[in-house]
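Subject: Structure handover

Hello,

Here is the structure I said I would pass on. My notes on the core, the empty space and one helix follow it.

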Amino acid sequence: MRLERLETNAPDGADELVLDLYRRLPDVRITDLMLEVDAATGFTDAFTHLRTGAPCKDRIGLLNVLLAEGLNLGLSKMAEASSTHDYLQLSRLSRWHVESEAIERALAILIEAQSRLPMAQFWGAARSASSDGQFFPTTRQGEAMNLVNARYGNEPGLKAYTHVSDQFGPFATQTIPATANKAPYILDGLLMNEAGRRIREQYADTGGFTDLVFATTALLAYRFIPRIRDLPSKRLYVFETKCVPKELKGLIGGKIREDTIIANWPDILRSAATMAAGVMRPSQLLRKFAAWLRRHDLAVALREVGRIERTLFIIDWLLDTNMQRRAQIGLNKGEAHHALKSAMRIGRQGEIRDRTTEGQHFRIAGLNLLAAIIIYWNTDQLGHAVARRKRSGFSTPKDLLAHISPLGWAHILLTGEYRWRKLVTERP
């Protein structure tokens, strides 16, 4: 099999439009940006008191905590950089209001609000997404068993595995070991919240590709489109090898075990229902199936379903350059997210120094939440910049707006003293 390299199809004028629109964005402090986004979306309402369920009354203190997590500063450094709260006040707010479910609720509010902004409509309909892992160095000691992945050097670390929609919204993220295979975690993000459940087409790189993932995504009605690095070396599977033309026999890897699929079909459906209902995380179930492939018929049957789906995918991929281009665009959006998050990770020289798994999770979730806040603000302000450009008499073709990204940060002051404006008592 031979696959021609895709040529770029960015229209003339797209780069110039990006530069012009970002020049029109106002310079802003990260503190002012967070206040504006909260006034527009009310995402801080998601952080209720763990005991009473009441909303947090100290919005400035709560935003300080979220900013400390997002910038990897920690509460003590944030207390030094902000004149509004000391360490004990921030620690109390963090302990009673900031927990995993609250961060997920706040993220869902932001993703939903950003998807409704006029500018986001040029980028997609929130029906496709890409997923990829980003490496973060960590400390060697502690409860969390941080591992060394030689691909990233000799220091221990972890990976933040994030799902990004076609509208650039990072709707799900989770912390996984640095050496873990990313494939089992794809469905976790898709089934984690409503934004993920609305996705229909999922892109991933070579690390997210296994036959078990092909099977489970198909059973759960997702179109799985991985970018397979060594695609020409992959083999196709058929139901009957005798019917294969001799010109194609070199591409055939074997025969589908149809009887095994039929015998285990009820259990296959039950496994899919278990994942869809949230009874067990898909990553847990897929890791078990991967370990059982040599000794369990259900795992073998699921692999055979995956081989069918992978064969159909490879045929479609070879014939459909639009599919190849969609996948490349989706994966590029995910990689651009990594650049934004690397720029935001300014504290502690970019190292995640929390020694507990829970602490590391909060740090990654906080970083993702802050990225979503910036993306919302950029999306909104880019829409205003387009309107100002049109009023100035400049042409702004809609096909060029699809190539704009809300992931810029040069106009945002991320460092220094964190000063907060006086709050407006009521949101619009």
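The largest nonpolar core has 123 residues, and Ile 30 and Phe 47 have the most contacts inside it. Helix 14 gives the most to this core, 16 residues. Please keep in mind that this is a predicted model.

Phe 47 shows who its partners are once neighbours within four places in sequence are left aside. It is in contact with Pro 55, Cys 56, Leu 62 and Leu 66, with His 97, Val 98, Ala 102, Ile 103 and Ala 106, and with Leu 369.

Helix 6

Two of those partners, Ala 102 and Ile 103, are among the buried residues of helix 6. The others buried there are Ala 106, Leu 107, Leu 110, Ile 111, Ala 113, Gln 114 and Ser 115. The cover over the buried residues of helix 6 includes helix 2 (30-41), helix 5 (87-97), strand 5, helix 8 (194-197) and helix 14. Helix 6 has 16 residues and spans 23 Å from its first C-alpha to its last, close to the 22 Å expected at 1.5 Å a residue.

Ser 100 is also found in helix 6. Is Ser 100 buried, partly exposed or exposed? Its relative accessibility is 27%, so Ser 100 counts as partly exposed. Leaving out residues up to four places away in sequence, Ser 100 touches His 361 and Phe 362. Ser 100 and Ala 365 are 265 residues apart in sequence, yet their C-alpha atoms are 7.9 Å apart in space.

Cavities

Searching the whole structure gives four cavities of 30 Å³ or more. The largest cavity has a volume of about 90 Å³. Its lining is made of 13 residues, and Ile 103, Glu 104, Leu 107, Thr 173 and Ala 365 lie nearest its centre. Helix 6, strand 5 and helix 14 are the elements that give two or more residues to that lining. By class, the lining of the largest cavity has seven nonpolar, five polar and one charged residues.

Pockets

How much space lies in the largest pocket? The figure is about 1,200 Å³. The largest pocket is lined by 43 residues, with Arg 227, Arg 325, Gln 328, Ile 329 and Asn 332 the closest to its centre. Two or more lining residues come from each of helix 1 (14-23), strand 2 (128-137) and helix 13 (321-344). Helix 13 supplies the largest share of this lining, 10 residues. The lining of the largest pocket has 18 nonpolar, 12 polar and 13 charged residues.

The second largest pocket holds about 360 Å³ of space. Among its 20 lining residues, Thr 175, Ile 176, Thr 357, Gln 360 and His 361 are the closest to its centre. The elements that give two or more residues to this lining are helix 6 (100-115), strand 4 (156-165), strand 5 (172-177) and helix 14 (357-391). Its residues divide into eight nonpolar, nine polar and three charged.

When you open the model, one place to start is helix 14. Helix 14 gives the most residues to the largest nonpolar core, and it also contributes to the linings of the largest cavity and the second largest pocket. Helix 14 is likewise part of what covers the buried residues of helix 6.

Regards

Terms used:
Residues are numbered from 1 along each chain as its sequence is written. This is a predicted model: local features need pLDDT of at least 70, side-chain atom pairs count only at pLDDT 80 or more; totals for chains, interfaces and linings use all residues. Side-chain values use heavy atoms; hydrogens and water are left out. On a 1 Å grid over the protein atoms alone, a cavity is a set of points where a 1.4 Å probe fits but cannot get out, and a pocket is an open set with protein on both sides within 12 Å along at least five of seven lines; lining residues have an atom within 4 Å of a point. Grid points are joined across faces, edges and corners, and a volume is the space filled by probe spheres set on the points. Helices (H or I, at least four residues) and strands (E, at least two) are DSSP runs, numbered from the N terminus. Ala, Val, Leu, Ile, Met, Phe, Trp, Tyr, Cys and Pro count as nonpolar, Asp, Glu, Lys and Arg as charged, and the others, Gly among them, as polar. A nonpolar core is a set of buried Ala, Val, Leu, Ile, Met, Phe, Trp, Tyr and Cys residues joined through side-chain atoms within 4.5 Å. Buried means under 20% relative accessible area, exposed over 50%, partly exposed in between (1.4 Å probe, protein chains only). Contact means heavy atoms within 4.5 Å. The expected span of a helix is 1.5 Å times one less than its number of residues.
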